[in-house]
Amino acid sequence: MSLAAQWRDARPKVAGLHLDSAACSRQSFAVIDAVAAHARHEAEVGGYVAAEAAAAVLDAGRAAVAALTGLDGADVVYTSGSLHSLDLLLGSWAGERTLACVPGEYGPNLAVMAANGFQVRALPVDGDGRVVVDEAAHQLAADPPALVHLTVLASHRGVAQPLAEMVAVCRAAGVPIVVDAAQGFGHLDCNVGADAIYSSSRKWLAGPRGVGFLAVRPELAGRLQRRLPPAAWDVPISVLQSFEHGEHNAATRLGYSVALGEYLAAGPELMRSRLAEVGRTSRLVLADVPGWRVVEAVDEPTAITTLEPTDGADPVAVRAWLIAERGIVTTACELARAPFEMTKPVLRISPHVDCTAEELEQFAAVLQEAP
């Protein structure tokens with residue numbers, strides 16, 4: 001059985017057409033059952049006892065993240081999602097608060113950076129918003145910030161950043177690199193030696209909402225200062241351990257662990273290759289739809305495709321119409337998503353490995369009927 005068929009058969013039948021994995025993928029039966037079973041177990045034996053019983057599965061999830069990022073399971077903590085991860089990390093940074101990122105940085109990330117008092121400067125990019133590595137190397141050598149933050153794959157454009165090359169550049173400059181892999185994890189190769197990396201469960205890994213991870217190398221963790229409990233308190237808890245201290249949804253963490261196991265079982269290289277194939281097919285099918293321009297190059301190795309309106313269509317209204325009238329789920333990316341780069345809203349599709357060419361052709365035909 002093909003990867004596409006296995007992925008589809010492992011999930012409930014979709015009600016319509018789901019082209020929105022960059023927002024929230026469809027969970028498998030196994031993930032749904034694991035979350036429900038843990039909730040039931042909490043009712044039977046108590047929440048804390050159930051969490052203790054699930055410890056081995058949660059550790060397996062950390063080990064899976066470690067395998068996909070090149071870190072160790074002890075370097076991985078669960079969070080409630082990507083923004084939470086970034087806030088934990090930046091809020092604990094004990095050094096100078098300067099940071100370099102791409103001009104097309106995700107708007108909510110910029111808000112977290114500002115809330116934590118970071119001064120942001122722009123990395124050099126080309127016309128597609130991709131980092132120009134040689135220019136970045138010169139910039140970082142001449143005037144290094146405290147941190148580099150690289151969103152390896154944006155949510156408003158399916159352009160993959162040169163992650164491995166930038167990790168090497170940052171290492172040479174002596175600047176830690178923090179990677180936002182919300183769209184990249186499970187989609188692109190993220191095992192390239194980043195100092196810190198974080199992501200959410202609900203996107204390409206197809207886990208539950210409300211959970212994610214943050215992984216930090218010990219060298220960078222040693223430069224963080226514990227916030228809760230305060231660093232001055234003499235309590236035996238590390239900075240990373242403190243990130244997991246407090247209320248959380250153990251069931252969703254368990255579900256994420258199951259989703260990670262399913263992804264590893266399917267084969268990361270095969271998954272990445274299939275996603276790139278789906279993206280290429282999407283762009284070929286949508287290339288000639290009147291009133292829309294495909295933003296990405298055909299062979300961009302991602303499954304995110306953005307469509308820019310050329311005849312005045314409103315992506316927000318089109319998205320709402322597609323859901324209400326045709327049961328097709330997409331995303332409308334408004335300017336706030338990348339406030340220093342976007343000039344007009346776009347419509348985004350992000351099909352997963354189970355999407356077929358026929359479904360993409362169906363979407364292309366329906367899009368021509370949209371108001």
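A good place to start is the inside of the protein, where 52 residues make up the largest nonpolar core, and Met 166 and Phe 185 are the ones that touch the most other members. Keep in mind as you look around that this is a predicted model.

Find Met 166 and see what surrounds it. Setting aside neighbours within four places in sequence, Met 166 is in contact with Leu 123, Val 131, Ala 136, Leu 140, Leu 150 and Ile 177. There is also a second core, separate from this one, with 25 residues; Val 112, Met 113, Leu 220 and Phe 243 are among them.

Now step back to the whole chain. You can count 14 helices and 13 strands in the protein. Its radius of gyration is 21 Å, close to the 21 Å that the globule rule gives for 371 residues, so the protein is as compact as a globular protein of that length. Along the principal axes, the C-alpha atoms fill a box of roughly 65 × 60 × 35 Å. Of the contacts between residues at least 6 apart in sequence, 65% join residues at least 24 apart.

How much of the protein is buried? Buried residues account for 53% of the 371. One helix to look at here is α5, spanning residues 82-91, which is mostly covered, with 7 of its 10 residues buried. Those buried in α5 are Ser 82, Ser 85, Leu 86, Leu 88, Leu 89, Leu 90 and Gly 91.

Finally, turn to the outside. The protein exposes about 15,400 Å², and carbon and sulfur atoms supply 54% of that area. As for charge, the protein has 29 positive and 43 negative charges, and their mean positions are 2 Å apart.

Note on methods:
Residues are numbered from 1 along each chain as its sequence is written. This is a predicted model: local features need pLDDT of at least 70, side-chain atom pairs count only at pLDDT 80 or more; totals for chains, interfaces and linings use all residues. Side-chain values use heavy atoms; hydrogens and water are left out. Helices (H or I, at least four residues) and strands (E, at least two) are DSSP runs, numbered from the N terminus. The radius of gyration is taken over C-alpha atoms; the globule rule is 2.2 Å times the number of residues to the power 0.38. Buried means under 20% relative accessible area, exposed over 50%, partly exposed in between (1.4 Å probe, protein chains only). Contact means heavy atoms within 4.5 Å. Accessible areas come from the Shrake-Rupley method with a 1.4 Å probe; for residues, only the protein chains shown count as cover. Lys and Arg count as positive and Asp and Glu as negative; His and the chain ends are not counted. The place of a charge is taken as NZ of Lys, CZ of Arg, CG of Asp or CD of Glu. A nonpolar core is a set of buried Ala, Val, Leu, Ile, Met, Phe, Trp, Tyr and Cys residues joined through side-chain atoms within 4.5 Å.
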